[in-house]
Amino acid sequence: MTAATAARLAAMHAGAFSAPWDMAAFESLLGQAGVVAIEAPQGFILIRSVADEAEILTLAVDPGARRQGLGARLVREGAAAAAARGAARLFLEVADDNPAALALYAGAGFTEAGRRPGYYARPDGGRQDALILALNLPATLP
């Protein structure tokens, strides 16, 4: 991946999250073995595959393009890419107070596999739990 790709992903991430990752973070991740980015004009998914497991590192969709199926499409494509690389399970972490993301992942067939108490730092200094979700692959995704 190029620096231009890292810059593009960082810009999209900044538009989607209040605590975005910077370009250096994307350059580092994209330089790692097993990391793949699937891009669309208004979003992307970043997945890391290792042995028979994969993880969604981040999913970003432009706020103006949400609730139009792009996130679901990116999750399906990411799951297919992970399965093609030999992953049997796909994991992710999501804040337990994010109903839109929880609905997206439930709709894709993910189920709760664990919890990380206080995993996410909030701008007000608080902490929020993360749910660990998992999907068995290959799966027929809705």
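**Strand β1, its salt bridges and the largest pocket**

Strand β1 (residues 35–40) has 5 of its 6 residues buried, so the rest of the structure largely encloses it. That picture, like everything below, comes from a predicted model. The partner of β1 is strand β2 (residues 43–50): the two run antiparallel and are joined by 6 bridges. Together they make a hairpin, with 2 residues between the strands.

Glu39 is a handy place to look at β1 up close. Across the hairpin, its bridge partner in β2 is Phe44. Glu39 is partly exposed, at a relative accessible area of 32%, and it also forms a salt bridge with Arg8, where the closest N and O atoms sit 2.7 Å apart. Since Arg8 belongs to helix α1 and Glu39 to strand β1, this pair ties together parts that are 31 residues apart in sequence. Arg8 is partly exposed too, with a relative accessible area of 38%. Helix α1 (residues 3–16) also holds Thr5, which touches Glu39 and Leu30, leaving aside residues up to four places away in sequence. Thr5 has 7% relative accessibility and therefore counts as buried, the cut-off being under 20%.

Salt bridges turn up elsewhere as well, with 7 found in a search of the whole structure. One of them pairs Arg116 with Glu93, the closest N and O atoms being 2.4 Å apart. Here strand β5 supplies Arg116 and strand β4 supplies Glu93, so parts 23 residues apart in sequence are tied together. Arg116 comes out as partly exposed, at 35% relative accessibility.

Next along the chain, Arg115 meets Asp96 in a salt bridge of 2.7 Å, N to O. This pair links distant parts of the chain, with Arg115 in strand β5 and Asp96 in the loop between β4 and α4, 19 residues apart. Arg115 is partly exposed, with a relative accessible area of 41%, and Asp96 is partly exposed at 24% relative accessibility. Through shared partners, salt bridges join Asp96, Arg115 and Asp129 into one network.

Then there is the largest pocket, with a volume of about 1,200 Å³. Its lining counts 36 residues, and those nearest its centre are Phe17, Leu59, Val94, Asn98 and Ala101. Two or more lining residues come from each of α1, β3 (53–61), α3 (70–84), β4 (89–95), α4 (99–107) and β5 (111–121). Strand β3 gives the most, with 7 residues. By class, the lining splits into 24 nonpolar, 7 polar and 5 charged residues.

Conventions
Residues numbered from 1 in each chain as written. Predicted model: local features only at pLDDT ≥ 70, side-chain atom pairs only at ≥ 80, totals over all residues. Heavy atoms only, no water. Buried < 20%, exposed > 50% of the residue type's maximum accessible area, 1.4 Å probe, protein only. Helix = DSSP H or I, 4+ residues; strand = E, 2+ residues; numbered from the N terminus. Pairing = 2+ DSSP bridges. Contact = heavy atoms within 4.5 Å. 1 Å grid on protein atoms, 1.4 Å probe; cavity = no way out; pocket = protein on both sides within 12 Å on 5 of 7 lines; lining within 4 Å. Points joined across faces, edges and corners; volume = space filled by probe spheres on them. Nonpolar A, V, L, I, M, F, W, Y, C, P; charged D, E, K, R; others polar. Salt bridge = Lys/Arg side-chain N within 4 Å of Asp/Glu carboxyl O.
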